[in-house]
Amino acid sequence: MTFSVRSLRIRLALLYAVFMLTSMICLGIFTYWYFSSVLASSREQTMVKREERLIAFVNTWPKHDTSPTLAEKLHQLSVAIAESDTIQVYDLHGNLLYSSPGPDIYKVDWPGGTCVHPCAAVVQKAGHTIRTLNHVVTLDGQQVRLSIAGTTDEHSDVVRLIRNSYLISCPLLLFASVAGGFLLSHRALKPVHRITSEARTIGIQDLKHRLPVPKTGDELQVLAETWNDLLARLEAAVRRLTQFTSDISHDLRTTVTVMRTTAEFALRRNRTEDDYREALSTIAMECHTTSRLLDDLLAAARADIIQRNIEWEPVDLSEISLEVCEHLRANAETKHQTLRSHLCRNAWTRGDISMLRRLLNILLDNAIKYTPEAGTIFVDLEKAGDRFELSVGDTGIGIPPDALSRIFDRFYRVDESRNQDDGSSGLGLAIAKWIVEAHNATIRVTSSVGVGTTFTVSIPEQSHVFSSELPKLKAVTI
Ligand code: ADP
């Protein structure tokens with residue numbers, strides 16, 4: 001186990017120590033102040049009560065008993081209660097009338113001033129702290145200066161004891177809290193270490209591996225689950241990529257093998273012109289298939305980086321729909337199919353014109369391909385709220401319900417047997433979907449086997465920038 005000052009564990013422990021130290025200092029200062037003031041105040045209260053008792057004792061002396069002097073009465077009281085405080089009484093000229101027995105050290109001079117109300121004072125004398133209460137009062141009918149004094153040494157001792165015990169326990173507590181903080185953070189961060197060391201073992205070949213998820217219900221569990229989700233997505237992406245590569249290799253190898261064997265077979269001996277013609281036409285067909293496959297692959301590769309490279313420009317969907325219909329009309333005619341289109345005009349949006357043309361090309365080409373002779377193909381473009389809906393439908397062979405969710409996957413073909421050998425790669429709809437997503441559009445499909453299929457692309461309108469004309473419906477029948 002290595003420790004670095006930057007380690008989260010050390011930083012947490014240090015942070016915890018700083019927090020504890022600050023709290024302890026604050027608590028110590030508060031406790032010290034609180035006890036000092038509470039003890040001082042209770043000492044003062046005691047003196048006030050003592051003074052009240054003394055006044056009551058002297059002034060309630062029986063009237064008929066006139067023999068004892070004021071000093072004698074005070075002395076009786078001092079002896080009777082034997083309290084630690086000393087009592088001194090002066091007349092208003094400062095002459096001492098009475099001083100209770102006790103050590104001289106606690107006897108302090110009258111502080112000066114009138115002290116009509118009780119004056120409390122603290123005096124330092126020979127290393128002792130003396131608290132005094134001075135008051136001008138009436139005793140036995142005469143005004144005198146009454147001074148009660150006593151040491152607060154006991155209270156100071158209590159406060160000192162509290163302070164010392166604090167000074168001793170503080171470092172111990174601090175040490176315990178740092179050690180506790182370190183151990184706690186070590187324990188709390190253990191799952192992070194487990195996750196880190198597991199993550200280090202995962203390589204591109206080992207994406208099936210998952211990180212351990214601590215069932216703590218905290219952020220660490222969320223972190224581990226998020227990493228596992230990421231790994232699952234990575235695994236799926238790598239699987240698709242591997243599949244993609246092997247599919248390409250397979251398709252390319254097949255066509256190249258057909259071309260090579262055809263050529264080798266034709267060259268093995270002298271053949272008639274017809275034989276050569278047949279061999280060359282087979283090779284030409286395979287070349288056509290290969291070039292279509294390469295076209296699709298190129299488009300697929302472009303589609304992957306489409307978001308970055310798309311050339312945004314105003315596009316009139318009705319215009320490109322018309323263009324693509326014209327372009328593919330010959331294909332439909334070859335199969336004696338009817339191609340109908342209902343296109344609203346000025347269907348302005350923003351996008352990459354060549355991409356959108358390719359999208360429509362894929363949908364219309366499929367419609368023609370997967371519709372038997374004399375079927376009907378239709379292309380509709382209409383406005384729906386702030387979007388345009390471009391539909392390409394046919395009365396063709398349809399798509400089985402269980403295949404509908406997969407037709408947009410790369411290289412997926414519903415049923416190899418029903419696909420003619422026409423260079424179809426199974427990439428068309430995957431490319432169509434990328435184009436749609438890159439244009440913030442959506443694509444949906446409805447299909448019924450033996451009845452037909454309709455693909456509908458919904459794309460946002462951008463007419464306010466390019467045209468203010470309202471869309472009009474125009475029917476073209478080819
Ligand atoms: P392909 O190059 O094979 O046409 P696509 O990705 O364009 O590949 O289409 C995937 C599969 O979806 C096709 O192989 C086909 O089986 C099915 N498909 C696509 N369009 C239609 C359609 N209009 N009618 C029936 N099936 C279709």
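Which pocket does the space taken by the ligand correspond to? In this predicted model, the ligand occupies the space of the second largest pocket. Helix H9 (353-369), helix H10 (428-438) and strand S12 (452-460) are the elements that each give two or more residues to the shell around the ligand, and the largest share, 3 residues, comes from H9.

The shell consists of 21 residues, of which Asn366, Tyr370, Asp394, Gly426 and Leu429 come nearest to the ligand. In terms of residue character, the shell divides into 9 nonpolar, 8 polar and 4 charged residues.

Polar contacts to oxygen atoms of the ligand involve both backbone and side-chain atoms of the protein. A polar backbone atom of Leu429, a residue that is also among those that come nearest, lies 2.8 Å from an oxygen atom of the ligand. For the side chain of Lys369, the distance from an N or O atom to an oxygen atom of the ligand is 3.2 Å, and for the side chain of Arg413 the corresponding distance is 3.4 Å. Taken alone, the ligand exposes 530 Å², and the protein buries 99% of that area.

Aromatic pairing was also examined, and the structure holds 5 aromatic pairs. One of these is formed by Phe30 and Tyr34, whose rings are stacked, with a distance of 5.9 Å centre to centre and an angle of 20° between the planes. Because Phe30 and Tyr34 are 4 residues apart in helix H1 (residues 8-59), the two residues are separated by about one helical turn.

Notes. Residues numbered from 1 in each chain as written. Predicted model: local features only at pLDDT ≥ 70, side-chain atom pairs only at ≥ 80, totals over all residues. Heavy atoms only, no water. Near = heavy atom within 4 Å. Polar contact = N/O pair within 3.5 Å; in protein donor to acceptor, adjacent residues only side chain to side chain. Areas by Shrake-Rupley, 256 points an atom, 1.4 Å probe, with all protein chains shown as cover. 1 Å grid on protein atoms, 1.4 Å probe; cavity = no way out; pocket = protein on both sides within 12 Å on 5 of 7 lines; lining within 4 Å. Sits in = over half its atoms within 2 Å of the grid points. Nonpolar A, V, L, I, M, F, W, Y, C, P; charged D, E, K, R; others polar. Phe/Tyr/Trp six-rings, centres within 6.5 Å; stacked < 30°, edge-to-face > 60°.
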